[in-house]
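Reader: I should like to learn how the features of a model are read from its coordinates. Where may we begin?

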Amino acid sequence: MMRIGDCAIVLTTGDLTAAAVDAIVNAANHSLLGGGGVDGAIHRKGGPAILAACRRIRAEEWPDGLPTGRAVITTAGNLPARHVIHTVGPVYSRDPDVPRLLAACHENSLALARAHDLRTVAFPAISTGVYGYPLAEAAPIALGATAAHLARHPGTLSEVRFVLFDAPAYAAFAAALAALPL
Ligand code: AR6
């Protein structure tokens, strides 16, 4: 755990779909219409209201799909969370834009949470599954972007939780949190 102003950054292991927070963040794809990994689990357990809201967002705001690094918010349907923030992580490559885009996912998701007066947000390890981002590279970017955002925007958020699916993911995030330059 680390405190930045009034907000705690917390690491846990488990299933993101069980998190009873104001918003969980979905590692989505451009289509916003579902997929595998954490995205599949969110739609499966949250029910059809999430997909219906995503279809509306596609029709009204993003007809060509949500760009990488951007975020949108919907209901969480039947999940214990109140909202789902959908963001699209980058597919891992050596392109120098990739770390910036992963940071943008975190910054834009947190900005959206603050804009909706949400206090507690839970993230998965975005891009580290199907999109192939190595955990040891993704963890410092995810935590660094989160810590910097909280330092710049104190007040609204009280907890940002990272729900890591397995022990290697937890270990990578714990090492990165301990090494954060603060
Ligand atoms: N709770 C917490 N973490 C989870 C869960 C869960 N229920 N399920 C998987 N993870 P991924 P990406 C972890 O593949 O790499 C989808 O098809 C998983 O172990 O879900 O951003 C989308 O539609 C990994 O550490 O997301 C996109 O097409 C992390 O969540 C694409 O995958 C992210 O893995 C996005 O790929």
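Author: Let us begin with a single pair: the bridge partner of Val72 in β5 is His86. Strands (E, at least two residues) and helices (H or I, at least four) are DSSP runs numbered from the N terminus. The model is predicted, so local features need pLDDT of at least 70 and side-chain atom pairs pLDDT 80 or more, whereas totals for chains, interfaces and linings use all residues. Residues are numbered from 1 along each chain as its sequence is written, and side-chain values use heavy atoms, without hydrogens or water.

Reader: In what sense do β4 and β5 pair, and over how many bridges?

Author: Two strands pair if DSSP finds at least two bridges between them. β4 and β5 are joined by five bridges and pair in the antiparallel sense.

Reader: How does β3 run with respect to β5?

Author: β3 and β5 run parallel and are joined by six bridges. Within this pair, Val25 has Ile85 of β5 standing opposite.

Reader: Is His86 buried or exposed?

Author: Relative accessible area decides the matter: under 20% is buried, over 50% exposed, and partly exposed lies in between (1.4 Å probe, protein chains only). His86, which is found in strand β5, has a relative accessible area of 1% and is therefore buried. The strand as a whole shows a similar picture: five of the six residues of β5 are buried, so β5 is largely enclosed by the rest of the structure.

Reader: Which residues is His86 in contact with, leaving aside neighbours within four places in sequence?

Author: Contact means heavy atoms within 4.5 Å. The contacts of His86, with those neighbours left aside, are Asn26, Ala28, Leu32, His43, Ile50, Cys54, Leu66, Arg70, Ala71, Val72 and Thr74. As to distance along the chain, His86 and Ile24 are 62 residues apart, and their C-alpha atoms are separated by 8.6 Å.

Reader: Which residues of α1 are buried?

Author: The buried residues of α1 are Asp39, Gly40, Ala41, Ile42, His43 and Gly46. These buried residues of α1 pack against β3, α2 and β5. Just after α1, Gly47 takes a positive phi of about 85°.

Reader: How should the sheet be described overall, and what is the order of its strands?

Author: The sheet is open, has seven strands with mixed pairing, and follows the order β1-β2-β7-β6-β3-β5-β4. β1 (residues 2-4) and β4 (residues 71-75) stand at the edges with a single partner strand each, so one side of each has no neighbour in the sheet. Direction ignored, neighbouring strands of this sheet are turned by 25° against each other on average.

Reader: What packs on the sheet, touching β4 and β5?

Author: Here an axis is a line fitted to C-alpha atoms, for a helix over the stretch in contact, and an angle between N-to-C directions runs from 0 to 180 degrees. Helix α2 (residues 48-60) packs on the sheet and touches β4 and β5, and its direction makes about 135° with that of β4. Helix α5 (residues 167-178) also packs on the sheet, where it touches β1, β2 and β7; its direction makes about 150° with that of β2.

Reader: In what sense do β2 and β7 pair?

Author: β2 (residues 7-13) and β7 (residues 159-164) pair in the parallel sense over six bridges. One of the residue pairs to inspect is Ala8 with its bridge partner in β7, Glu159.

Reader: How many residues has the largest nonpolar core?

Author: A nonpolar core is a set of buried Ala, Val, Leu, Ile, Met, Phe, Trp, Tyr and Cys residues joined through side-chain atoms within 4.5 Å. The largest core has 41 residues, and Ile9, Ile85, Phe123, Leu143, Phe162 and Phe173 have the most contacts inside it. Helix α4 (residues 135-152) gives the most to this core: eight residues. Not counting residues up to four places away in sequence, Phe173 touches Leu11, Ala125, Leu135, Ala139, Ala142, Leu143, Phe162 and Leu164. A second core, separate and of 19 residues, includes Ala19, Ile24, Ile42 and Val88.

Reader: Where does Gly155 lie?

Author: Gly155 lies in the loop between α4 and β7. With a relative accessible area of 51%, Gly155 is exposed. Gly155 and Pro99 are 56 residues apart in sequence, and C-alpha to C-alpha they are 27 Å apart in space.
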